[in-house]
2 protein chains.
Amino acid sequence: MMKRTKQKEAILSVLRSTTSHPTAHWLYAEVRKEIPNISLGTVYRNLRLLRESGEISEIDFNGTFSRFDGKPDNHYHFKCEKCGSIFDVGEPVNNEINERVARKTGFRISRHWLQFSGLCKEC
Amino acid sequence: MMKRTKQKEAILSVLRSTTSHPTAHWLYAEVRKEIPNISLGTVYRNLRLLRESGEISEIDFNGTFSRFDGKPDNHYHFKCEKCGSIFDVGEPVNNEINERVARKTGFRISRHWLQFSGLCKEC
DNA sequence: TTAGGTGCAAAACCTTTGCCATCCC
DNA sequence: GGGATGGCAAAGGTTTTGCACCTAA
């Protein structure tokens, strides 16, 4: 069972207060403003716990490090190939596709991810 | 300009002869059967060169390391949450969606990835 | 009370890079 | 020759882990 600690609450709160899909290290820097002696290991440990419990999700989007997303609902992402920023895409989530592909392949499909890349408005 | 070397050919040939979307390390082990003293650095260097020239692609699918795909055409993937295997999905690629999302967001979109996860037939 | 969490530092891990030798064009 | 590549080893950066001490439930 997962304890609610002030470190965990702070990480979750920072993650939910931004739309920027930050990295673990950025979250670490932010949370340190509030809890100066929190360790990077604790940040990673809590991000894993929160991911496993489904409260946050991890975006794996061609890159050397993970980015995290505090929104509970499923949605799609866009990554700018130049500046690396990640944005949410408003495109409605297609839930039928899981079932269609499941019928076709014989796999049990529980979710899907859709990611776009290109150039953002600034680049 | 990219030279064709026997190391590069061997890597490409191994990658194209499997449907398993292997990791760099697996490719290294396979290619070593043919070129015993090839180095892991060379494998990584050639994978990067081949990726940059568009001959192969890299799949980033929640995981600590990259997997590679020797097929030049765009297609979708499924990852088993239990055994970690990655399979191709026959679902036709939807090319209109790039344009639709581009109109909606104002970004210039050049490509997209679609990934499914769940349980494969064996798991 | 105690199972789970924290801080710290070191380890583990994948990937890239520097250096110099080597191989083709 | 000379630019691109290879092999090796070391560096780089992200993430995990061992351990002793704490703390929420």
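A salt bridge is a side-chain nitrogen of Lys or Arg within 4 Å of a carboxyl oxygen of Asp or Glu. In this structure, which is a predicted model, Glu30(A) and Lys33(A) form such a pair, with the closest N and O atoms 2.9 Å apart. The two partners differ in how far they are open to the surroundings, since Glu30(A) is partly exposed at a relative accessible area of 25%, whereas Lys33(A), with 64% relative accessibility, counts as exposed. Side chains of opposite charge can pair when their charged atoms come close. Over all chains, the structure holds 20 salt bridges, and a few of them are worth following individually before turning to the contact between the chains and to the DNA.

In chain B, the side chains of Asp88(B) and Lys71(B) meet in a salt bridge with an N to O distance of 2.8 Å. Because Asp88(B) lies in strand β4 (residues 86–89) of chain B, while Lys71(B) belongs to the loop between β2 (67–69) and β3 (76–80) of chain B, this pair ties together parts that are 17 residues apart in sequence. Asp88(B) is partly exposed, with a relative accessibility of 29%, and Lys71(B) is likewise partly exposed, with a relative accessible area of 28%.

A pair within one helix is provided by Glu99(B) and Arg103(B), which form a salt bridge whose closest N and O atoms are 3.3 Å apart. Both residues lie in helix α4 (residues 96–105) of chain B, where they are four residues apart, about one turn of the helix; both are also exposed. In chain A, salt bridges that share partners join Arg4(A), Glu9(A) and Glu55(A) into one network.

The next topic is the contact between the two protein chains. Here 33 residues of chain B are in contact with 33 residues of chain A. The size of an interface is often given as the accessible area lost when the parts come together. For chain B and chain A, the buried area is about 3000 Å², and carbon and sulfur atoms give 56% of it. Four salt bridges are counted between chain B and chain A, and one salt bridge that joins these chains is formed by Arg100(B) and Glu91(A), with the closest N and O atoms 2.5 Å apart. The count of residue pairs in polar contact between chain B and chain A, with both residues at pLDDT 80 or more, is 14. On the side of chain B that touches chain A, β4, α4 and β5 (108–119) of chain B each supply at least two residues, and the largest share, twelve residues, comes from β5(B). By class, that side of chain B has 14 nonpolar, ten polar and nine charged residues.

The protein chains also meet two DNA strands. Around DNA strand C there are 21 residues, of which Lys3(A), Thr5(A), Thr42(A), Tyr44(B) and Ser66(B) come nearest. Of the atoms of DNA strand C that come within 4 Å of the protein, sugar and phosphate account for 68%. The bases of this strand are approached as well: a polar side-chain atom of Arg45(A) lies 3.0 Å from a base nitrogen of DNA strand C, and a polar side-chain atom of Arg45(B) is 3.3 Å from a base oxygen of DNA strand C. On the backbone, a phosphate oxygen of DNA strand C is 3.2 Å from an N or O atom in the side chain of Asn46(A). The elements that give two or more residues to the surface near DNA strand C are α1 (6–16) and α3 (40–52) of chain A, together with α3 (40–52) of chain B. The residues of this surface divide into seven nonpolar, nine polar and five charged.

Around DNA strand D there are 23 residues, and Tyr44(A), Ser66(A), Lys3(B), Thr5(B) and Arg45(B) come nearest. Sugar or phosphate holds 70% of the atoms of DNA strand D within 4 Å of the protein, the rest belonging to bases. An N or O atom in the side chain of Arg45(B) is 2.9 Å from a base nitrogen of DNA strand D, and one in the side chain of Lys3(A) is 3.3 Å from a base oxygen of DNA strand D. A polar side-chain atom of Gln7(B), in turn, lies 3.1 Å from a sugar or linking oxygen of DNA strand D. To the surface near DNA strand D, α3 of chain A and both α1 (6–16) and α3 of chain B each supply at least two residues, with the largest share, four residues, coming from α3(A). By class, the surface near DNA strand D has eight nonpolar, nine polar and six charged residues.

Methods. Residues are numbered from 1 along each chain as its sequence is written. Chains are lettered from A and ligands numbered from 1 in the order in which they are written. Side-chain values use heavy atoms; hydrogens and water are left out. A residue is near a molecule or strand if one of its heavy atoms lies within 4 Å of it. A polar contact is a pair of N or O atoms within 3.5 Å; within protein, one must be able to donate a hydrogen and the other to accept it, and residues adjacent in sequence count only if both atoms are side-chain atoms. Ala, Val, Leu, Ile, Met, Phe, Trp, Tyr, Cys and Pro count as nonpolar, Asp, Glu, Lys and Arg as charged, and the others, Gly among them, as polar. Buried means under 20% relative accessible area, exposed over 50%, partly exposed in between (1.4 Å probe, protein chains only). Contact means heavy atoms within 4.5 Å. Buried area is the accessible area (1.4 Å probe) that two parts lose on being put together, summed over both.
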